[in-house]
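Student: Could you take me through one chain of this model in detail, and then through its contact with its partner? I would like the cut-offs along the way.

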Amino acid sequence: MTVGSDLLTAGPARPKAAAPPRNALPLAGTAVAAVLAAVALTAVTALSVMDAVPGAGVAVTAGAVIVAAAVLTQLRPALRAVRSSRKAAEAWAQDRRADARRAVSEAREDAWTALGWCLTALVVLGAVWFLFANDRAVQRTFFDRDVIGISISEIASAFGTNLFIAVVAQVLILVWGLALALARMAPGRAGRPLRLLATSYIDGFRAVPAIIIIYLIGFGLPLAKVPFLSSLSPVWFAILALTLTYGAYVAEVFRAGIESIAPGQSAAARSLGLSQSSTLRHVVLPQATRRVVPPLLNDFISLQKDTALVNVIGTIDAFNQSKIFASNHFNLSSVTVVAALFILITIPQARLVDRLVAREQRRGKGA
Amino acid sequence: MPFIEIDGVHKSYGDTPVLKGIDLNVEQHQVVTLIGASGSGKSTLLRCINGLEDISGGQIRVDGEVASGRGTDVDRLRRDVGMVFQHFNLFPHMSVVRNVALAPMRVGGVPRAVAEEQARVLLERVGLADKADRMPDQLSGGQQQRVAIVRALATGPRALLLDEITSALDPELVAEVLAIVRELAEGGMTMLLATHEMGFAREVSNKVCFLHQGVLLEEGPPEQIFGEPQQERTRAFLRRIVEAGRL
């Protein structure tokens, strides 16, 4: 080969003069200052909270001590960072380059660790300030213990309506979404009208906001006096509306999953004599389903939250129930309860999705 | 009468012609090998015979029946002609034995217990009885390709199309797959294969065909094609193979 010969025979490149590693001392100094500032701020915050909430001295002191102690543990890495930075300069002066680079690297990591914890503490303290600012106005508006106590049981039982809507809609959406996806992928010339129909449905229902579909169905169907449909209860209107909307999204999830299966799988199944529908049922769908579970769960989480939209048609779900308490007591703490309930059911599912995604990625690498 | 008759077959993808009038006959119990560079149309020809691709012109007949164009009963055709792919294409969500038993169950209507029993017998014959209950990704490439061959045989085809079935394998795994093909050839299975394994093609084939840019340039017994090729292009192709140390 003539092209590579120059590269192969050329002598080694002349070494450049080594550049000293970046000085970490300013960063380390900042970290030490940040730790001290965070501790001081904790003390100030504790004092002002004690002012606002007389009689809670012990609890506030305990909380402040915990925060301050947590921040103080970072003083050690911060100081170590300062020492490492000095050592690095020394080592560089004595031409121990690897030692110098290692010391700087350690200093930077220590300093950033301390700074990270300080930033977290500042955010927490900021939240506390906000809560107790204005003579506790924020805390009383959103976290009034009395209002929470009065409203919680009725809101929790109204939350059952949200869950009912979500679960029933999820089952219907699975069926409807898959049907739409298959229609959208209907093969050949004969499948064209079906493809067009499914595509326009999916485009349409993804374009219109869910709240508008709910509104149109919830108020429109009773007015339109359609046999059977008009006599349904608002809860079923909500289920119908959410199924129509989310069916369009889920159809696209299914389609993506089906199309992600390698064409060789269908070719192999077809070459064995399996019909188109057998291939779909026994080879493509079982593999696609496994792949679509994580994105499907994501859509379902967002569906659960959208069940709160049914309040526009007057269904007494958790949100509507909480709004009744909120206006009676002129206080939003009952709405906070609804938010907490949604958090409670959503977070485990979000973590489950993460795990499933991780598992799918591991499987993908293994194959 | 030839078992597979390929008569002036044309195939294009859009404006790109891939097969430009191929004529080829495969007699019963014959082993015919397609050689040629990548992109010469070997795989496409095999896929057309199996009805996985539509042809744009000409005709393919299998066992005297037209097997191309409208009105072809592709499901029946595929029961007569099995196919094995370069990348195995085993179904990753089924155990090995289920992979093999799927077509007899779903196409032949054989009850599961019977189909799986037959599958185990077939797997035994290729030395994979102990892998029957594994998942495909727990097997080596060579083992997976042996399963794929068994899967294609499970429906009792009268001919096999083998599409570069050793190209995706590590070199040390090629022999175990070729051994099965050799055994099938000795047993009288009609086979049409595309391959880059020239030594094997020379040993096992009754007829070797050289494809070049969608045209069947030269065909003949292996001694002729590998010994004294008539066409300059065939000679150039084989020279490069020899230079690469593959023959």
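Tutor: Here is a close look at chain B, followed by its contact with chain A.

This is a predicted model, so local features need pLDDT of at least 70 and side-chain atom pairs count only at pLDDT 80 or more, while totals for chains, interfaces and linings use all residues. Residues are numbered from 1 along each chain as its sequence is written, and side-chain values use heavy atoms, without hydrogens and water.

Chain B has 9 helices and 10 strands, taken as DSSP runs (H or I, at least four residues; E, at least two) numbered from the N terminus. Its C-alpha trace spans about 55 × 45 × 35 Å along the principal axes. The radius of gyration of chain B is 18 Å, which agrees with the value near 18 Å for a compact globule of 247 residues; the rule is 2.2 Å times the number of residues to the power 0.38, over C-alpha atoms.

Of those 247 residues, 55% are buried, meaning under 20% relative accessible area with a 1.4 Å probe, protein chains only. Among contacts (heavy atoms within 4.5 Å) between residues at least 6 apart in sequence, 65% join residues at least 24 apart.

Now to the partner: 17 residues of chain A meet 22 residues of chain B. The buried area is about 1,700 Å², with 62% from carbon and sulfur atoms; this is the accessible area (1.4 Å probe) that the two parts lose on being put together, summed over both. On the chain A side, Ser271(A), Leu272(A) and His282(A) supply 35% of the area that chain A buries against chain B, more than any other three residues.

Key. Chains are lettered from A and ligands numbered from 1 in the order in which they are written. Buried means under 20% relative accessible area, exposed over 50%, partly exposed in between (1.4 Å probe, protein chains only).
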